Amino acid sequence: MEPQDGSVRDVRSFFVRHPTPLLHTLDDAQLEARCPLDNGMHLVLPNTPIGDINRLPLELINQVLGRLDIPTLTTFRRVNQRAMHLVDSLPSYRRIWTTCPDILRAAVSLNANSFSCDTIFKTLIREKCEFCGEFFGGYLYLITCTRICHVCHWGLEHSPVEPSTAIRHFQELKMDYLVEKLKTLPQVHSLPGCYGPGRRRIVSEDRKTLIDRMAIMNLTKEDCGYAYPLANEPDDCPENPRRNMAIISAPYLSRQGQTSEWGLFCSLCANYLPFFEIKYRAQDMVPHFERWHVEDSDAPWYMFYPEAVMRWSNYSPAGRVY
Ligand SMILES: [Zn+2]
Ligand SMILES: [Zn+2]
């Protein structure tokens, strides 16, 4: 039963904007300084000629532009003022840069070119994690533009792979001919920075090519019918910065109107890894509190999330609590 108004407010006071300890992702990569956007800063003359594109109806132009990836769209936007006007007026692009410009900055900085501007928007108007479907998906995995929750972020599926690991994988399977297909898979170039959970964050100084792990496995499936899993690398633990280099906070956008919701963290779950990083929308806060933080709910938290815990313990047998 929903508590009275006063207690709803009390419950919400336990939810905070920043978790303890912090997870260091692209949110901490100084994207605004590294990739300043000039959107809205210019007086644009929308009638500047732009060749044959002007002969197309606006609806068709919007459909074409919406299917371009963000780095390509950004390059086109630089052509002239008409191009800038067309891109800035594109509904999906406009909504993203007014609500979550860091996602644009990250896509440009990482050269994330495996998905379109419209795909980002369609992902942002979904609410749940696309992987488990249970929690609010408060993050975007920017290699494939997948909305995920923090529990699924810990899963090996979202741990990207460097090309050397992929090449070794194909060599061990005697499928060397697949190496040349690596460049066609979803991938990004990481930004140097400090990534990882809390005190265990690690500084990464290189730009690494990071390829989607599941796409590599799917290559072997297309070839021989079985998706061979990549062998665990010795350093493939949750602390490995690779896991956080393509992760960024993502709001839930309402399909209509202009509202957005980023989710808040439960301060009472702060000691439980990986659950301290789960974000809750306003509508989920009271149900979460009633389930976990009322006196007669003394069952251990891991009883309720068996699949998530199995996923977690598979990849990090070392303790759950910081
Ligand atoms: Zn999930
Ligand atoms: Zn909690």
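Of the contacts in the chain with a separation of 6 or more, 71% are between residues 24 or more positions apart; two residues are in contact if their C-beta atoms, placed from the backbone, lie within 7 Å. This is a predicted model, in which local features need pLDDT of at least 70 and side-chain atom pairs count only at pLDDT 80 or more, while totals for chains, interfaces and linings use all residues. Residues are numbered from 1 along each chain as its sequence is written, and chains are lettered from A and ligands numbered from 1 in the order in which they are written.

The chain holds 13 helices and 13 strands, taken as DSSP runs numbered from the N terminus (helices H or I, at least four residues; strands E, at least two). Of its 322 residues, 37% are buried, that is, with 20 or more other C-beta atoms within 10 Å of their own.

Let's look at a small sheet. It is open, has 3 strands in the order 4-3-9, and pairs in the antiparallel sense; two strands pair if DSSP finds at least two bridges between them.

| Strand | Residues |
|---|---|
| Strand 3 | 139-141 |
| Strand 4 | 146-148 |
| Strand 9 | 247-249 |

Strands 4 and 9 are at the edges with a single partner strand each, so one side of each has no neighbour in the sheet. On average, neighbouring strands here are turned by 35° against each other, direction ignored. Between strand 3 and strand 9 there are 3 bridges, and leucine 140 has isoleucine 248 of strand 9 as its bridge partner.

Isoleucine 248 also leads us to threonine 25, which touches Tyr195, Asn244, Ile247 and Ile248, leaving aside residues up to four places away in sequence. Threonine 25 sits in the loop between strand 2 (23-24) and helix 2 (31-34). It counts as buried because it has 26 C-beta neighbours inside 10 Å. Its C-alpha atom is separated by 8.6 Å from that of proline 241, 216 residues apart along the chain.

Now for a helix pair. The axes of helix 6 (residues 91-99) and helix 8 (residues 117-124) come within 9 Å and cross at roughly 60°, with axes fitted to C-alpha atoms over the stretch in contact and angles running from 0 to 180 degrees between N-to-C directions. The two helices are therefore oblique to each other. Ser92, Tyr93, Arg95 and Ile96 of helix 6 meet Cys117, Asp118, Ile120 and Phe121 of helix 8.

Definitions and conventions
Parallel < 35°, antiparallel > 145°, perpendicular 65-115°, else oblique. Buried ≥ 20, exposed ≤ 12 C-beta atoms within 10 Å, placed from the backbone.
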